[in-house]
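Here are my notes on the model, set out as numbered points. Have the coordinates open while you read.

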Amino acid sequence: MSKESAAMHNKSNGLPEKLEQVALRAARAAGRIHLQRLSRIKVTRKTNAIDLVTEADRESEQAVIQMIKRAFPGHAILAEESGANALISDHRWIIDPLDGTTNYAHAFPMFCVSIAYEHRGRVELAVVFDALKRELFVAARGRGARLNARPIHVSTTPSLDRSLLATGFPYDRRERRNLYLTFWEAFMMRTQGVRRTGSAALDLCYVACGRVDAFWEFGLRPWDVAAGALIITEAGGRVTNLDGSALDLEARNLLASNGKLHRAMRETIAKAWPEAERRQAEGRSAP
């Protein structure tokens, strides 16, 4: 079957609608677990002292996976806690069951579930749900982005000196703090502010709805960004690798903006890079 024929077949058999319905049900199920577990959080460590996992991570991931498997048993799945399943398929779901785990472990109100559906390597559907704030972000390729069923758009902020940015720090931040703080300093001096919320998926959604104008971060994984990147794109923004090349979910370093700030963001990063590497090599933090 050709790509065109497959696309027509999918539309005629209601596949896009079914995909979205399943993703929404799965996101809401995860959200219920987040809220139920919030008053009785049990935390363990994964790779180091600041890389945490909770029972809510595991339980919400299982809830999402079970719903997807029930509806689409032949689809592949990549999830943060359980990794990739053994299936090989043109269809893949990319799941972060609880983005912002450290926030959640401290009952800090910035966390969500992120679900993306990918077909032949291209993300086609995205759902991010912040159950605590009751904010549901949804995007389908070619159909725009929505927050609680209302269309959203990126900001029109034209320059860095008028902008508010968001960023985050990877789990190796104690070892590479000098590198990361150099970029923070560079943007702090050029913008109205830089926010660090602790949830990359929500940061991306906030770019999409204009709450912040741009976002950059190192060390991200596919489940952190797959859904949020499509939501930004469908809201009129731009998402690339940190060097400005086409987004690769495996590249780990991401730059997202309202589009108008992308060049200035990229130029600032490029200018700060030699100093960041020098400070890291010397072990000296940014002032």
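1. Which residue follows α7, and what is the sign of its phi? Gly236 comes after that helix, with a positive phi near 100 degrees. Before going on, a word on ground rules: this is a predicted model, where local features need pLDDT of at least 70, side-chain atom pairs count only at pLDDT 80 or more, and totals for chains, interfaces and linings use all residues. Numbering runs from 1 along each chain as its sequence is written, and side-chain values use heavy atoms, with hydrogens and water left out.

2. Overall picture. The protein chain has 8 helices and 15 strands (DSSP runs numbered from the N terminus: H or I of at least four residues for helices, E of at least two for strands). Of its 287 residues, 52% are buried (buried is under 20% relative accessible area, exposed over 50%, partly exposed in between, with a 1.4 Å probe and protein chains only). About 13,400 Å² is exposed, and carbon and sulfur atoms supply 51% of that (Shrake-Rupley areas, 1.4 Å probe; for residues, only the protein chains shown count as cover). Taking contacts between residues at least 6 apart in sequence, 62% join residues at least 24 apart (contact means heavy atoms within 4.5 Å).

3. Back to α7. This helix covers residues 222-234, and its 13 residues reach 18 Å from first C-alpha to last, close to the 18 Å expected at 1.5 Å a residue (the expected span is 1.5 Å times one less than the number of residues). Burial is the thing to look at here: 12 of the 13 residues are buried, including Trp223, Leu230, Ile231 and Ile232, but also Asp224 and Glu234.

4. The β6-β7-β8 run. β6 and β7 pair in the antiparallel sense over 7 bridges (strands pair if DSSP finds at least two bridges between them). His119 stands opposite Arg122 in β7. These two strands make a hairpin with 2 residues between them, and Arg120 in the turn has a positive phi of about 50 degrees. β7 then pairs with β8, again antiparallel, over 6 bridges, with Val128 opposite Phe137 in β8. That second hairpin has 4 residues between its strands, and Arg134 there takes a positive phi near 55 degrees. Strand β7 (residues 122-130) has 7 of its 9 residues buried, so the rest of the structure largely encloses it.

5. Nonpolar cores. In soluble globular proteins, nonpolar side chains tend to be buried together. The largest core here has 40 residues, of which Val128, Phe137, Ile152, Phe215, Ile231 and Leu254 touch the most other members (a core is a set of buried Ala, Val, Leu, Ile, Met, Phe, Trp, Tyr and Cys residues joined through side-chain atoms within 4.5 Å). Two or more residues come from each of β6, β7, β8, β9, α6, α7 and β15 (254-257). Another core of 26 residues lies apart from it, with Ala27, Ile68, Leu125 and Ala131 among them. Phe137 is worth a click: leaving aside neighbours within four places in sequence, its contacts include Val128, Ile152, Tyr206, Arg211 and Ile231.

6. Salt bridges. There are 15 of them (a side-chain nitrogen of Lys or Arg within 4 Å of a carboxyl oxygen of Asp or Glu). Arg143 pairs with Glu20, the closest N and O atoms being 3.4 Å apart. That pair links distant parts of the chain, 123 residues apart: Arg143 sits in the loop between β8 and β9, Glu20 in helix α2. Arg143 is partly exposed at 48% relative accessibility, while Glu20 is buried at 11%.

7. Two more pairs to check. Glu118 bridges to Arg92, with the closest N and O atoms 2.9 Å apart. Glu118 is in β6 and Arg92 in β5, so the pair ties together parts 26 residues apart in sequence. Glu118 counts as buried at 8% and Arg92 as partly exposed at 23%. Glu135 pairs with Arg211 at 2.7 Å between the closest N and O atoms. Since Glu135 lies in strand β8 and Arg211 in the loop between α6 and β13, the pair ties together parts 76 residues apart in sequence. Glu135 is buried at 13% relative accessibility, whereas Arg211 is partly exposed at 36%. Separately, Glu185, Glu275, Arg278, Arg279 and Glu282 are joined into one network by salt bridges that share partners.
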